[in-house]
Amino acid sequence: MRSEDILTTENLTKKYHKDLAVDRVSLSIKRGDIYGFIGENGAGKTTFMRMICGLARPSEGELELYGVSGKKELQKARKNLGALIENPAVYPNMTAMENLEVQRRYLGIGRRDSEKMLWELLELVGLADAGKKKARDFSLGMKQRLGLAIALTGTPGFLILDEPTIGLDPVGKAELRNLLLKLNQEKGLTIFFSSHDLSEMQRLATRYGFLHRGRLVKELSAQELEQECSVQGIDVEQYFLNLILKAGGVGENETFCQ
């Protein structure tokens with residue numbers, strides 16, 4: 001692993017009984033990347049992200065995070081990783097502020113100036129007026145915002161987001177995009193995210209990985225993708241569909257939605 005690499009995987013694999021969810025995926029995410037992960041439903045994107053976060057155990061392969069790979073070392077390295085995987089992990093009977101306080105304690109962040117820091121996080125994600133409101137009364141979009149605030153607690157250097165725009169209206173999507181770009185450009189935050197909203201992904205990603213049936217079929221930069229689409233006279237959605245066809249097509253239970 002090179003010093004600029006935040007994440008490196010080598011033949012990372014996840015099997016559930018006889019089902020192969022992630023099939024020997026080797027990729028690297030460099031410091032400062034905004035890495036867009038594209039794949040049809042059931043391609044293995046969420047499972048791959050869960051392995052990176054320590055929420056699922058790899059069946060085979062190697063994983064390095066911040067240059068370390070041992071079990072204890074990875075556990076420590078994940079303290080500098082924020083994640084929003086699948087549904088936001090919020091406590092419905094707690095307020096937004098109380099949810100952030102739970103995360104602060106989990107990360108071992110001292111109490112000094114912590115209340116100010118947590119209120120600033122709520123303001124950052126657009127929930128400053130809902131800090132004392134219980135999460136059970138939140139809309140899906142508000143829960144997504146709270147999940148993002150929880151992921152950003154402790155100022156992690158690496159952020160993993162699984163379908164972060166779900167539940168957000170067009171204004172919310174634009175606000176999220178601008179926030180992620182600001183954190184990347186001003187704070188150097190490295191971001192790894194999946195999305196079915198390819199128009200939003202194109203506004204954010206600096207690098208892409210295309211996943212199909214658990215396998216990484218293509219990895220390239222935003223500039224390379226733009227050039228290939230331009231040469232072929234197609235958009236990103238068609239480019240991905242062409243990759244799928246070359247890799248063996250889409251199965252009966254697989255869908256890809258924009």
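Biologist: What percentage of the 258 residues in the protein is buried, and what makes a residue count as buried?

Modeller: Buried residues make up 48% of the 258 residues, where buried stands for under 20% relative accessible area, exposed for over 50% and partly exposed for the range in between, with a 1.4 Å probe and protein chains only. This is a predicted model, in which local features need pLDDT of at least 70, side-chain atom pairs count only at pLDDT 80 or more, and totals for chains, interfaces and linings use all residues. Residues are numbered from 1 along each chain as its sequence is written, and side-chain values use heavy atoms, with hydrogens and water left out.

Biologist: What is the mean pLDDT of the protein, and where does pLDDT stay under 50?

Modeller: On the scale from 0 to 100 that gives the predictor's confidence in each residue, the mean is 89, and 95% of the residues reach 70 or more. Residues 252-258 stay under 50, although the model has 20 contacts (heavy atoms within 4.5 Å) for them beyond four places in sequence. Where pLDDT is low, predicted coordinates should not be read in detail.

Biologist: How many helices and strands are there, and why is the protein called as compact as a globular protein of its length?

Modeller: There are 9 helices and 9 strands, taken as DSSP runs numbered from the N terminus (H or I of at least four residues for helices, E of at least two for strands). The radius of gyration, taken over C-alpha atoms, is set against a globule rule of 2.2 Å times the number of residues to the power 0.38; its value of 18 Å is close to the 18 Å given for 258 residues, so the protein is as compact as a globular protein of that length.

Biologist: Which residues of helix α4 are buried, and how do you know that they line one face?

Modeller: Ser114, Leu118, Leu121 and Leu122 are buried in α4, residues 114-124. Taking the directions from the helix axis to the C-beta atoms, these buried residues fall within an arc of 100 degrees, so they line one face of the helix. They pack against α3 (96-107) and α5 (140-152), whereas Lys116 and Glu123, on the other side of α4, are exposed.

Biologist: What makes β1 and β2 a pair of strands?

Modeller: Pairing requires at least two DSSP bridges, and 8 bridges join β1 (residues 5-16) to the antiparallel β2 (residues 19-30), so the criterion is met. These strands form a hairpin with 2 residues between them, and histidine 17 in the turn has a positive phi of about 60 degrees.
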